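Here is a short briefing on one protein chain. It runs from the overall make-up to strands, core, surface and charged pairs.

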Amino acid sequence: MPRVPSTLVVCLLLVTSGAQTAFAQSGSQLLLRPFRQTDQLELDADAAFGFRSDLQSEASDDPFDLRLDVYDITGRVRLTPGLSDRGIARAQPRFGFSTRYLQLHTADPSLPDEMFDGSAAIGMGVLASQGWLGGLTLGAGYAGADFESDANALYFQGSFAIGKTFESGDAFGIVLDYNGNRTFLPDWPLAGFQYRKRFPPQEPAPPEMEAQGRRQGALEGYNPDTDPARLVLAIGFPYSGIEWRPTDRLRVEAVYAIPQSINARADYTLLGDPAVSGLGIYANLSRTVTAVHWNDLPDRDRLFFRQSLAEAGINWRLNDRLELVIAGGWSFGQEFVTGWDTRDTDDVANVDDAPYFRALARLRL
């Protein structure tokens, strides 16, 4: 059966360059990342509940408390049901959405009660030639400090990505991305690229499989889900990283995004089949930034919340359709600042370190 080429996965690491979080689900990667052959719908619901911490406001000498709750819901739907023998690799439209809601439990008058960022987009493949595949996305979002009307909170986003996966399993992609709520240069389209080197190289497919792929319109010679690389090195701008699978049960990955975002994660399957169902543990270190407009701020300034997270938890895959995650962590390096983008900001408040609890449900249908 034909598959959507994973070349676009390469591009997807690029399209959110400088987005509000280094690995946000509100950009083009949500739309263009290939679906599993059996799936039409993906839905993630995530909630993190923080413990009380001390907050020091720049506008007051009085101490305040803060307790932060964060809710994330993301999803995408394949708009072309099923798989066809022709055209599936060239264009498969899908719709995606992403929402993030921060509830700030604090009496500090220099901060709002809530921060919300929600976006939706549609994307599809638009060209395929000699192994090169291109995809286009268009979308819009609203990022505000409340749900009242704020014209500045409305933003648009879009991207064009093109890439190719080679017979060895190596891949190259370039992208031009615009995101009106990006924390860095939100009013400019940014270009990026990435080359991914696979170790060991992918073995050439048997002639009969290559012939079948050509008949079905497939544009790549391997399936990374059934034949994962032991090591993948990714070099590019703004994202570079490494993915290492020393065993079938252990996976380690780290991604660095210019100028200062990093995400590192290790997963280990304790029981069951890592590809289907079972019980596993993980540890994760990340840095996130959320940006919203607020009517109380002058001109086009936005409110930014920066936060680093060290987290560990248990993930239970009941089957290949449903996964549950329970985790705890420590939030640190927390601060609120204002400005047009993160190049030039003014301090609003610093927040002390605090523990938190997280629960996540992931559904695939």
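Two strands pair if DSSP finds at least two bridges between them. Helices (H or I, at least four residues) and strands (E, at least two) are DSSP runs, numbered from the N terminus. This is a predicted model, in which local features need pLDDT of at least 70 and side-chain atom pairs count only at pLDDT 80 or more, while totals for chains, interfaces and linings use all residues. Residues are numbered from 1 along each chain as its sequence is written, and side-chain values use heavy atoms, with hydrogens and water left out.

**Overall make-up**

- The chain has three helices and 18 strands.
- Of its 365 residues, 49% are buried. Buried means under 20% relative accessible area, exposed over 50%, and partly exposed in between (1.4 Å probe, protein chains only).
- Contact means heavy atoms within 4.5 Å. Among contacts between residues at least 6 apart in sequence, 61% join residues at least 24 apart.
- The accessible surface comes to about 17200 Å², and carbon and sulfur atoms account for 60% of it. Areas come from the Shrake-Rupley method with a 1.4 Å probe; for residues, only the protein chains shown count as cover.

**Strand S10 and its partners**

- Strand S9 (residues 190-199) runs antiparallel to S10, with seven bridges between them. Phe199 has Leu231 of S10 as its bridge partner.
- On the S11 side (residues 239-244), S10 makes four bridges, again antiparallel. Here Leu231 stands opposite Trp244.
- S10 and S11 form a hairpin, with one residue between them.
- Side chains alternate along S10 (residues 231-237). Val232, Ala234 and Gly236 are buried on one face; Leu231, Leu233, Ile235 and Phe237 point to the other face and are not buried.

**Strand S14 and its partners**

- Twelve of the 17 residues of S14 (residues 277-293) are buried, so the strand is largely enclosed by the rest of the structure.
- S13 (residues 261-273) and S14 are antiparallel and joined by ten bridges. Tyr268 has Ile281 of S14 as its bridge partner.
- Three residues separate S13 from S14 in a hairpin.
- S14 also pairs with S15, antiparallel, over 16 bridges. Val289 has Arg306 of S15 as its bridge partner.

**Nonpolar core**

- A nonpolar core is a set of buried Ala, Val, Leu, Ile, Met, Phe, Trp, Tyr and Cys residues joined through side-chain atoms within 4.5 Å.
- The largest such core holds 24 residues; Leu55, Leu102, Leu104, Met115, Leu303 and Phe336 touch the most other members.
- Strands S3 (63-78), S4 (94-105), S15 (302-317) and S17 (346-351) each give two or more residues to this core. S3 gives the most, with four.
- Beyond four places in sequence, Leu303 touches ten residues' worth of surroundings, including Pro112, Met115, Val292, Phe336 and Val348.**Nonpolar surface patch**

- Patches are made of residues with over 30% relative accessible area and no salt bridge; like charges are joined within 9 Å, nonpolar side chains (Val, Leu, Ile, Met, Phe, Trp, Tyr) within 5 Å.
- One nonpolar patch has about 770 Å² of accessible area, its members including Val77, Phe95, Met124, Leu136 and Phe160. Strands S5 (114-129) and S6 (132-144) each give two or more residues to the patch. S5 gives the most, with four.
- Phe95 lies in strand S4. At 35% relative accessibility, Phe95 counts as partly exposed.

**A buried loop residue**

- Asp170 sits in the loop between strands S7 (154-165) and S8 (171-179). Its relative accessibility is 3%, so Asp170 counts as buried.
- Outside its neighbours within four places in sequence, Asp170 contacts Lys164, Thr165, Tyr195, Arg196, Lys197 and Arg198.

**Salt bridges**

- A salt bridge is a side-chain nitrogen of Lys or Arg within 4 Å of a carboxyl oxygen of Asp or Glu. The structure holds 21.
- Asp39 and Arg321 form one, with the closest N and O atoms 2.4 Å apart. Asp39 lies in the loop between helix H2 (29-32) and strand S1 (41-50), and Arg321 in the loop between S15 and strand S16 (322-339), so the pair ties together parts 282 residues apart in sequence.
- Asp39 is buried at 0% relative accessibility, whereas Arg321 is partly exposed at 25%.
- Arg364 and Glu42 meet in a salt bridge at 3.9 Å, N to O. This pair links strand S18 (residues 354-364) to strand S1, across 322 residues. Arg364 is buried at 14%, and Glu42 is buried at 8%.
- Arg362 and Asp44 form another, at 3.3 Å, N to O. Arg362 is in S18 and Asp44 in S1, 318 residues apart. Arg362 is partly exposed at 24%; Asp44 is buried at 13%.
- Salt bridges with shared partners join Glu42, Asp44, Arg76, Glu323, Arg362 and Arg364 into one network.
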